[in-house]
Amino acid sequence: MAQPIGNHFLQIPGPTNVPERVLRAMSAPTIDHRGPEFAELTGEVLQAVRPDFGTTGPVVIYPSSGTGAWEAALVNTLSPGDRVLAFETGHFAVLWREMAEKLGLRVDFVPGDWRHGVDPVVVAERLAGDSAHEIKAVCAVHNETSTGVTSRIAEVRRAMDEAAHPALLLVDTISSLGSIDYRHDDWGVDVTISCSQKGLMLPPGLGFNAVSEKALRANEKAGLPRSYWDWQPVLQANRRGFFHSTPATNLLFGLREALRMLDDEGLPQVFERHRLHSAATRAAVRAWGLETLCLDEREHSPALTAVVLPDGHDADKVRELILHRFNMSLGAGLGKVAGKVFRIGHLGHFNDVSLSGTLAGVQMGLELAGVPIDQGGVEEALRVLKAA
């Protein structure tokens, strides 16, 4: 297609589509980030963001990507040479491990097949074997964006409690916050890591750490070097309604509006909408005769679906064809599943008709690319949507 016509279908699992309401909010004139109007904005945003994390405690906000929020979680709670327990659930779990090792941490990395989430049984076994309590933190990715697998964090927490182990629980919710039910306080999470460009329906640029009292106590003794990522200056400035460095002012305008939108819909309804779209997408995949990367029925992601192509078919060429023919972007396979899968994002500002159009484009693209599929995927998805 020489010149794209109509709206671009951005169906990658983040950055996601930014709603008009949020775009308009961000277009407001920039204000003095040391003035009283900004202090009011800060107070409103810091209070409004807490329910999305499922916490009544502090949420630290940085001008950053999710990668920065990863680093902040580690350097504020740990010391050089500390052991952490982490799990190979996908590409982003691998990247988080690499960061931890570069920071001077010792990572016990449990290998995985990228088709399952964190196994709570293995968590219990590893912690039970650590009688000296050398492991200082358990790191888990809640929703692995590269695979479409959601780990069962509540069960991970129970496993830690049953082992009576004092390790911190650090959880990446970068592609789950605002899309999948998550409960920082109820699940006993110590640091929840997230960012702005997925379920919160914003452009990239804001990183988040939700912090427990236990994490704040660990912060007092943590020995990893930190300056920009230090929680304490941010928390101290937040008490006055400000930030210790220049904030992303207009993104905070957008965040306030996005949080209002989530509150208007109601978080239970938001989570149910994502669950429904995931179920409809999987119904289409099954009807096509293809399989999802996720193998555990308990762990299918409500935010995205990774589709496995048959041997001999290049997922990236299918994505390229769909982009040029139908002006729709799908997520690439990452790491060791590159070229083997494509990812359909169904999170954020998204509805039934958007999903129907997305699946129609995928079905046409698969057929045009010569991938052997059965007919009826779109119709099967519509059946699920209509029955809701």
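**A mixed sheet, its helix and two cores**

In this predicted model, an open sheet is built from 7 strands, arranged in the order β2-β10-β9-β8-β5-β3-β4 with mixed pairing. The edges are taken by β2 (59-64) and β4 (106-110); each has a single partner strand, so one side of each is left without a neighbour in the sheet. Direction ignored, neighbouring strands of this sheet are turned against each other by 20° on average.

Helix α10 packs on this sheet, where it touches β2 and β10 (205-211). The direction of α10 makes about 65° with that of β10.

The pairing can be followed strand by strand. Towards one edge, strand β3 (residues 83-87) pairs with β4 in the parallel sense, over 5 bridges. Within this pair, R83 has R106 of β4 as its bridge partner. Elsewhere in the sheet, strand β8 (residues 168-172) runs parallel to β9 and is joined to it by 3 bridges, with V171 standing opposite T192 in β9. The pairing of β9 with β10 is antiparallel and extends over 5 bridges. T192 stands opposite A210 in β10, so that T192 serves as a handy landmark for following β9 from β8 to β10.

Strand β9 (residues 191-195) is itself mostly covered, as 5 of its 5 residues are buried. In a regular strand the side chains alternate between the two faces of the sheet. In β9, V191, I193 and C195 point one way, while T192 and S194 point the other way, and all are buried.

Attention now turns to the nonpolar interior. The largest nonpolar core has 76 residues, and those with the most contacts inside it are I61, L74, W96, L206, F208, W231 and L255. The element that gives the most to this core is helix α10 (residues 249-265), with 8 residues. For L255, leaving aside its neighbours within four places in sequence, the contacts are V45, I61, L200, L202, L206 and F208. Another core lies apart from the largest one; it has 28 residues, among them L309, I322, L366 and A381.

A further set of paired strands centres on β13. In strand β13 (residues 328-332), 5 of the 5 residues are buried, so this strand is largely enclosed by the rest of the structure. β1 and β13 run parallel and are joined by 3 bridges; here the bridge partner of L10 is S329 in β13. Strand β14 (residues 341-345) runs antiparallel to β13, and 2 bridges join the two. A332 stands opposite F342 in β14.

Finally, the model contains open space to explore. The largest pocket has a volume of about 370 Å³. It is lined by 16 residues, of which N17, H349, F350, N351 and S354 are the closest to its centre. The elements giving two or more residues to this lining are β1 (9-11) and α10. Both have appeared above: β1 as a parallel partner of β13, and α10 as the helix that packs on the sheet and gives the most residues to the largest nonpolar core.

Technical notes: Residues are numbered from 1 along each chain as its sequence is written. This is a predicted model: local features need pLDDT of at least 70, side-chain atom pairs count only at pLDDT 80 or more; totals for chains, interfaces and linings use all residues. Side-chain values use heavy atoms; hydrogens and water are left out. A nonpolar core is a set of buried Ala, Val, Leu, Ile, Met, Phe, Trp, Tyr and Cys residues joined through side-chain atoms within 4.5 Å. Buried means under 20% relative accessible area, exposed over 50%, partly exposed in between (1.4 Å probe, protein chains only). Helices (H or I, at least four residues) and strands (E, at least two) are DSSP runs, numbered from the N terminus. Contact means heavy atoms within 4.5 Å. Two strands pair if DSSP finds at least two bridges between them. Axes are lines fitted to C-alpha atoms, for helices over the stretch in contact, and angles run from 0 to 180 degrees between N-to-C directions. On a 1 Å grid over the protein atoms alone, a cavity is a set of points where a 1.4 Å probe fits but cannot get out, and a pocket is an open set with protein on both sides within 12 Å along at least five of seven lines; lining residues have an atom within 4 Å of a point. Grid points are joined across faces, edges and corners, and a volume is the space filled by probe spheres set on the points.
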